[in-house]
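Let's take a walk through this fold, one piece at a time. Have the viewer open and follow along.

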Amino acid sequence: MSLNEGQDFTGTVNLSEIFSNEKGMVFSLRHEARVLLGREPDSSVHDPCWDAKVSIDLYKLASSASPKELAALREKLTKKEFWPPKPSLARECGYQLD
């Protein structure tokens with residue numbers, strides 16, 4: 001798309017960094033959406049529109065949270081009822097991730 005930071009948009013936000021916990025654990029978008037928004041994709045096919053919508057909702061959730069609330073959100077991602085997380089769609093399709 002040839003978009004340039006500072007010209008076409010102010011900057012980027014990495015949700016995996018925002019929601020990583022103090023142990024350095026990083027979670028998939030699917031896990032963050034399931035735990036923090038109560039939403040899961042409708043199918044096992046990658047849907048970039050779903051990714052974009054839940055990314056915006058997760059951003060709104062994090063940006064409106066106090067530091068204490070954000071810490072609670074991070075903690076919720078590893079609660080027993082949500083652990084272990086479901087595999088990411090990429091992993092389910094056999095992709096190797098770093």
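Before we start, one term: contact here means heavy atoms within 4.5 Å. Keep in mind, too, that this is a predicted model.

With that in hand, take helix 2, which spans 29-37. Its buried residues pack against helix 1, helix 3, helix 4 and helix 5. Which residues of helix 2 are buried? They are Arg30, His31, Glu32, Ala33, Val35 and Leu36, so each of them falls under 20% relative accessible area. Charged names turn up in that list alongside Val35 and Leu36. Just after the helix comes Gly38, with a positive phi near 70 degrees. For background, most residues other than glycine have a negative phi.

Val35 and Leu36 also belong to the largest nonpolar core, which has eleven residues in all. The other members are Leu15, Phe19, Phe27, Leu58, Ala62, Leu70, Leu73, Leu77 and Phe82. Helix 2, helix 3 and helix 4 are the elements that give two or more residues to this core. If you want a spot to zoom in on, try Leu73: leaving aside neighbours within four places in sequence, Leu73 is in contact with Phe19, Leu36, Leu61 and Ala65.

Now follow Phe27 out of the core list and over to its aromatic partner. The structure holds one aromatic pair. Phe27 and Trp83 form that pair, edge-to-face, at 6.2 Å centre to centre and with 85 degrees between the planes. Phe27 lies in the loop between helix 1 and helix 2 while Trp83 lies in the loop between helix 4 and helix 5, so the pair ties together parts that are 56 residues apart in sequence. Are the two partners buried or exposed? Phe27 counts as buried, at 7% relative accessibility, whereas Trp83 is partly exposed at 37%.

Trp83 has something else to show you. A cis peptide bond joins Trp83 and Pro84, with omega at about -5 degrees. Pro84 sits in the loop between helix 4 (67-76) and helix 5 (89-92). As a reminder, most peptide bonds are trans.

Back to the loop between helix 1 (15-18) and helix 2, which is also where you'll find Asn21. Asn21 is buried, with a relative accessible area of 11%. What does its side chain face? A polar atom of the Asn21 side chain lies 3.0 Å from the backbone nitrogen of Lys23, and the backbone nitrogen of Met25 likewise lies 3.0 Å from a polar atom of that side chain. Setting aside neighbours within four places in sequence, Asn21 is in contact with Phe27, Arg74 and Thr78.

Ser20 lies in the loop between helix 1 and helix 2 as well. A polar atom of the Ser20 side chain is 3.0 Å from the backbone oxygen of Glu17. Leaving out neighbours within four places in sequence, Ser20 is in contact with Met25, Val26 and Arg74. So Arg74 shows up in the contacts of Asn21 and of Ser20.

Another serine, Ser55, lies in helix 3. Ser55 has a side-chain polar atom 2.7 Å from the backbone oxygen of Asp51. In general, an α-helix has 3.6 residues a turn, so residues three or four places apart point the same way. Ser55 counts as partly exposed, at 22% relative accessibility. Not counting residues up to four places away in sequence, Ser55 touches Leu15 and Leu29. The C-alpha atoms of Ser55 and Val13 are separated by 9.9 Å, with their positions 42 residues apart along the chain.

Last stop: the charges. How many salt bridges are there? The count comes to two. One of them pairs Arg39 with Asp57, the closest N and O atoms being 2.3 Å apart. This pair links distant parts of the chain, with Arg39 in the loop between helix 2 and helix 3 (48-63), Asp57 in helix 3, and 18 residues separating them. Arg39 is partly exposed at 29% relative accessible area, and Asp57 counts as partly exposed at 25%. Glu40 forms a salt bridge with Arg34, where the closest N and O atoms are 3.5 Å apart. Here Glu40 is partly exposed at 33%, and Arg34 is partly exposed at 22%.

Terms used: Residues are numbered from 1 along each chain as its sequence is written. This is a predicted model: local features need pLDDT of at least 70, side-chain atom pairs count only at pLDDT 80 or more; totals for chains, interfaces and linings use all residues. Side-chain values use heavy atoms; hydrogens and water are left out. Helices (H or I, at least four residues) and strands (E, at least two) are DSSP runs, numbered from the N terminus. A salt bridge is a side-chain nitrogen of Lys or Arg within 4 Å of a carboxyl oxygen of Asp or Glu. Buried means under 20% relative accessible area, exposed over 50%, partly exposed in between (1.4 Å probe, protein chains only). A polar contact is a pair of N or O atoms within 3.5 Å; within protein, one must be able to donate a hydrogen and the other to accept it, and residues adjacent in sequence count only if both atoms are side-chain atoms. Rings of Phe, Tyr and Trp (its six-membered ring) pair if their centres lie within 6.5 Å; planes under 30 degrees apart count as stacked, over 60 as edge-to-face and the rest as tilted. A nonpolar core is a set of buried Ala, Val, Leu, Ile, Met, Phe, Trp, Tyr and Cys residues joined through side-chain atoms within 4.5 Å.
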